Amino acid sequence: MTRRIEDHYRTLLRDHGDSAEAAQYSSRESQYRRFAALAPIADLSGRQILDFGCGTASLHDYLVGIGQPPAHYTGVDVVTEFFDIARQKVPGGVFCHPDALGDAEFDYAFVSGVFNNRRKGNRAFWQETVQSLFARCRGGVAFNMMSTYVDFQDPGLFYEQPERAFGFVKRAVTPYVVLRHDYLPKPGSVAFEFAIYAYRNPPELTA
Ligand SMILES: C[S@@+](CC[C@H](N)C(=O)[O-])C[C@H]1O[C@@H](n2cnc3c(N)ncnc32)[C@H](O)[C@@H]1O
């Protein structure tokens, strides 16, 4: 099952090169809208960040574009063929297979689009991934998933109940959780995706 997903992304990379399509998005705008929903977890300038399922490191491009270049960027992906392009774009970055992360720690970890492909044990996969990423992060983890609040479900994709995702993170990861289901991943679409921020400490409020 996992091999099928890896082969799927290898084929997308071979056919589309450094593009949003190689990450299974319909457009760069749609890919960046996902990043725009995740990045507000914190001001990321000068932070050490982990991009889990990084593809060609487009998140780094996005953060530079909004004026929040991280001090250090680590990208992990099961499809290591993505790294040839990613290294050219982020020469100071570290790129490795997830199994090679060792005990590295970060300020924030990001997971965009990785939980969407249907695989055996989807729910265990996202829950275990979020827990293990959170354990490495001083600040927190931001991730997205497809929502069950849709009128059509693609049989090849995994849809999660936002309430269930919130409940798991709240009970099993951290008390400080944001669930946002307020954005359109594509202009003119329905809100078919949600994002969660899991914080180690409560974020400061401006009174
Ligand atoms: C939808 S793409 C998103 C890529 C990137 N996050 C972005 O938004 O441009 C999903 C990525 O997750 C990677 N991936 C899939 N399963 C993975 C796993 N178990 N561990 C790490 N990466 C994985 C794929 O190879 C692919 O690059």
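**Close-ups of a predicted model**

In strand E5, alanine 142 is the bridge partner of phenylalanine 110. Keep in mind, as you go through these views, that the model is predicted.

**View 1. Strand E4 pairs with E1 and with E5.** Let's stay with the strands for a moment. E4 and E5 run in the parallel sense and pair over five bridges. E4 also pairs with E1, again in the parallel sense, this time over four bridges. If you'd like a spot to look at here, try isoleucine 49, which stands opposite tyrosine 108 in E4. How many of E4's six residues are buried? Six of the six are, so you can think of E4 as mostly covered, given that a residue counts as buried when 20 or more other C-beta atoms lie within 10 Å of its own.

**View 2. Helix H5 has buried residues on one side and exposed ones on the other.** H5 takes in residues 122–134, which makes 13 residues. From its first C-alpha to its last it reaches 18 Å, close to the 18 Å expected at 1.5 Å a residue. Trp126, Val130 and Leu133 are the ones to find, as they are buried in this helix. Why do they sit on the same side of H5? Because they cover an arc of only 70° around the axis. Now check the other side of the helix: Ala124 and Glu128 are exposed there.

**View 3. Several strands and a helix help cover the buried residues of H5.** The cover includes strands E1 (48–52), E4 (106–111), E5 (137–147) and E8 (193–199). Helix H6 (162–172) is part of the cover too.

**View 4. Phenylalanine 194 sits in strand E8.** Is this residue buried or exposed? Phenylalanine 194 is buried, because 25 other C-beta atoms lie within 10 Å. Leaving aside neighbours within four places in sequence, its contacts are Asn144, Met145, Ser147, Pro162, Leu179, Arg180 and His181. Leucine 38 is worth a look as well: it is 156 residues from phenylalanine 194 along the chain, yet the C-alpha atoms of the two are separated by 9.7 Å.

**View 5. A shell of residues surrounds the ligand.** There are 19 residues around the ligand. Which of them come nearest? Those are Ala23, Gly53, Gly55, Ser112 and Gly113. Sorted by class, the shell has 11 nonpolar residues, seven polar ones and one charged one.

Terms used. Residues numbered from 1 in each chain as written. Predicted model: local features only at pLDDT ≥ 70, side-chain atom pairs only at ≥ 80, totals over all residues. Near = placed C-beta within 6 Å. Nonpolar A, V, L, I, M, F, W, Y, C, P; charged D, E, K, R; others polar. Helix = DSSP H or I, 4+ residues; strand = E, 2+ residues; numbered from the N terminus. Expected span 1.5 Å × (residues − 1). Buried ≥ 20, exposed ≤ 12 C-beta atoms within 10 Å, placed from the backbone. Arc of directions from axis to C-beta. Contact = placed C-beta atoms within 7 Å. Pairing = 2+ DSSP bridges.
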